[in-house]
Amino acid sequence: MSQAEFVVVANRLPVDRDGDGGWRRSPGGLVTALEPVMRGSEGAWVGWPGQADLEIEPFDFEGTHLVPVVLSADDVELYYEGFSNDTIWPLYHDVIAAPRYSREWWNAYVEVNRRFAEAAAAAAAEGATVWVQDYQLQLVPRFLREARPDLTIGYFHHIPFPAYGLFSQLPWRRQVLEGLLGADVIGFQRVADAGNFARAVRRQLRYETKASGIRVPREDGSVRIALAKAFPISIDAESYVELAQRPEIQARAKEIRAELGNPKKVLLGVDRLDYTKGIRHRIKAFGELLQDQRISVEDVTLVQVASPSRERVEAYVQLRDEIELAVGRINGDFDTTSHTAIRYLHQAYPREEMVALYLAADVMLVTALRDGMNLVAKEYVASRIDNRGVLVLSEFAGAADELGSALLINPHDIQGLKDAISRAIEMQPAEQGRRMRTLRRRVRDHDVEDWSREFLAALASIHTAKEGGS
Ligand code: G6P
């Protein structure tokens, strides 16, 4: 195919292998958000197909040209599991787990980022727009700009950007900042993330910043302006409403409650099994409420969906053991033959089942210790077309900036968390309705299409300014 006017570069391609060796669209919101843009512009998507050493030719899928980047088993270990998920991920989530600094991992990260940039440069038409996604690819904007100064380059950071005192631990902090500054627009989830980034740039590179603009010197001595700003991501709210309206999904929600023994209240947690999500804190608070006899297993059940993630990284292996030990202990102490305290599901489910779970849950627990956004919170809210249910939301999740009508909690404060869970369990329908309506309005009025439109509009305005010679 000819080169594309619009190119997305992400660690993963937007497709997964189905059972028969074909491909199906991956669930995530990013894929849905970009679909209209991709279709409209005959876009291309550069990414890893998710398996080591899988060599496949570029192919077209539902209107998008997919360009696979091959990662060897070593690349997966050093670039993906190592530098991306055992250095950057813990460092950027406020060192909840200790980041490991390995020069070998860093070298692999540089090399793989270069490969993604080369693939993107080959896929992009003259003057095209390229949108790079997330922390696995922080060096791509700069490599791309060096290879193709004609391109307009955007970058969106889906996870937190840490305070300077933590970021400065990174032995390659300058290279990372310079990598990101290859972009014309650098988008973050929260205003605080954009502020942390601007501060790191001032401290490390001594570049001037003014409002959202950063003055980036070019080699020839001239200056260009890069924009670093918050663009909070969202979900395709309408598709959740549509699922929640389906009679078979509503019936499934009732069935789930019956399968749980029709407790008075169902609490729900839905997370990738990740140490940033505060799953242990949630389980501890729940176990103490049972211990204190403020709740009983006949009346209240916690359903915890923990989908498998990054299973070869040591911190994840350990976390799984800790959580399964804690769940086993609580269930052993409190279960009866007819009721279970925690229904723990180490599995991933299709969207239909997730919406049925959201509808079945009286209380949704989002207790992240640090989270870029947390789209589960928004999915729960969008699905509650009955304006019922209570969202308990960590103030350390990006979603807290927008969803102030949730019960906001500090997950480190176990006493406060227990009190919030009790309050959520006891909340009267009128208050649930008042809060849920406000939450739903926000999610409906700012969906993922608005997010991509606003980001791309900012990128287009920089492009216009460039053409105007400013
Ligand atoms: C987070 C990151 C994404 C990542 C996803 C799943 O949401 O921001 O970039 O794709 O987790 O993690 P995985 O390592 O399986 O891609």
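I began at Gly261, which follows α9 and has a positive phi, near 90 degrees. The model I am reading is predicted, so I note that local features need pLDDT of at least 70 and side-chain atom pairs count only at pLDDT 80 or more, while totals for chains, interfaces and linings use all residues. Residues are numbered from 1 along each chain as its sequence is written, and side-chain values use heavy atoms, with hydrogens and water left out.

**Helix α9**

I take helices (H or I, at least four residues) and strands (E, at least two) as DSSP runs, numbered from the N terminus. Helix α9 covers residues 247-259, and I checked its length: at 1.5 Å a residue its 13 residues should span 18 Å (the expected span being 1.5 Å times one less than the number of residues), and its end C-alpha atoms are 18 Å apart, which agrees.

Next I looked up burial, where buried means under 20% relative accessible area, exposed over 50%, and partly exposed in between, with a 1.4 Å probe and protein chains only. In α9 the buried residues are Ile249, Ala253, Ile256 and Arg257. Seen down the helix axis they fall within an arc of 95 degrees, so they line one face of α9; the arc is taken over the directions from the helix axis to the C-beta atoms. These buried residues pack against α8 (237-245), β13 (265-272) and α12 (351-360), contact meaning heavy atoms within 4.5 Å. On the face turned away from the buried side I find the exposed residues Pro247, Glu248 and Lys254.

**Cavities and a pocket**

I then turned to empty space, using a 1 Å grid over the protein atoms alone: a cavity is a set of points where a 1.4 Å probe fits but cannot get out, a pocket is an open set with protein on both sides within 12 Å along at least five of seven lines, and lining residues have an atom within 4 Å of a point. Grid points are joined across faces, edges and corners, and a volume is the space filled by probe spheres set on the points.

I count 3 cavities of 30 Å³ or more, and the largest holds about 100 Å³. Its lining includes Pro14, Arg25, Trp45 and Phe61, and α1 (29-41) gives the most to this lining, with 4 residues.

The second largest pocket has a volume of about 500 Å³. Of its 16 lining residues, Arg145, Pro217, Arg218, Glu219 and Arg224 lie nearest its centre. Both α4 (140-147) and β11 (213-217) supply at least two lining residues, and α4 gives the most, with 3.
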